[in-house]
Amino acid sequence: MSIRSILIHPDPRLKKITAPVAEITDDVRRLADDMLETMYDAPGIGLAAPQVSVMSRMLVMDCEKEEGASANPMVLINPSVIWSSEDRSVYDEGCLSIPDQYAEVERPAAVKVSWTGLDGKEVQETFDGLWSTCVQHEIDHLDGKLFIDYLKPLKRQMITRKMQKLKREMARS
Ligand code: NI
């Protein structure tokens, strides 16, 4: 396993719609391992393939936050939301591609998602709480959408300018 570098917004690759994963190959399994390691190292609770420059429909997440709970890594290949609750919930969201910036985003409180597992089997599961927010945020990445796209333009531009400055600083050092 190895840690991959995470793209920082703004980057055109974070705005693209990803291609479905056609087959679960060794490369896909290696990517899943690397994405989990990269996510835990960051640390974060979710990571989508485009964030590590791979334009495939695939994400990893682990929102297990209970004290003393063991890790619960999940790999979702070709995920899609097949049902959303009418109830909405608001979370203060962040993103590994937009470091240290947080903003409240309203989304459906619960969603049912279908995907293919690493074993090739079809899975359907309903998520709520933080898991629901996280899976929706990560699926958005696969469609070229970031959480700041839900914010008012002024706030979004402010965050984007901060990220441009951060990238200039990173490039210099
Ligand atoms: Ni994100």
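## A quick look at the fold

In this predicted model, 65% of the contacts between residues at least 6 apart in sequence join residues at least 24 apart. What are the pieces that make up the chain? There are three helices and seven strands. Walk along the sequence and you meet them in the pattern α-β-β-β-β-β-β-β-α-α. The radius of gyration is 16 Å, close to the 16 Å that the globule rule gives for 173 residues, so the chain is as compact as a globular protein of that length.

Here are some whole-chain values side by side:

| Property of the chain | Value |
|---|---|
| Box filled by the C-alpha atoms, along the principal axes | roughly 45 × 40 × 35 Å |
| Accessible surface | about 9,400 Å² |
| Distance between the mean positions of the positive and negative charges | 10 Å |

Carbon and sulfur atoms account for 49% of that accessible surface. As for the charges, the chain carries 22 positive and 28 negative ones. Of the 173 residues, 43% count as buried.

Now for helix H1, which covers residues 26-41. With 16 residues at 1.5 Å a residue, H1 should span 22 Å, and its end C-alpha atoms are indeed 22 Å apart, so the two values agree.

Which residues of H1 are buried? They are Val28, Leu31, Ala32, Asp34, Met35, Leu36, Thr38 and Met39. And what do these buried residues of H1 pack against? Their partners are strand S1 (46-48), strand S2 (58-61) and strand S3 (74-84).

Note on methods
Residues are numbered from 1 along each chain as its sequence is written. This is a predicted model: local features need pLDDT of at least 70, side-chain atom pairs count only at pLDDT 80 or more; totals for chains, interfaces and linings use all residues. Side-chain values use heavy atoms; hydrogens and water are left out. Helices (H or I, at least four residues) and strands (E, at least two) are DSSP runs, numbered from the N terminus. The radius of gyration is taken over C-alpha atoms; the globule rule is 2.2 Å times the number of residues to the power 0.38. Buried means under 20% relative accessible area, exposed over 50%, partly exposed in between (1.4 Å probe, protein chains only). Contact means heavy atoms within 4.5 Å. Accessible areas come from the Shrake-Rupley method with a 1.4 Å probe; for residues, only the protein chains shown count as cover. Lys and Arg count as positive and Asp and Glu as negative; His and the chain ends are not counted. The place of a charge is taken as NZ of Lys, CZ of Arg, CG of Asp or CD of Glu. The expected span of a helix is 1.5 Å times one less than its number of residues.
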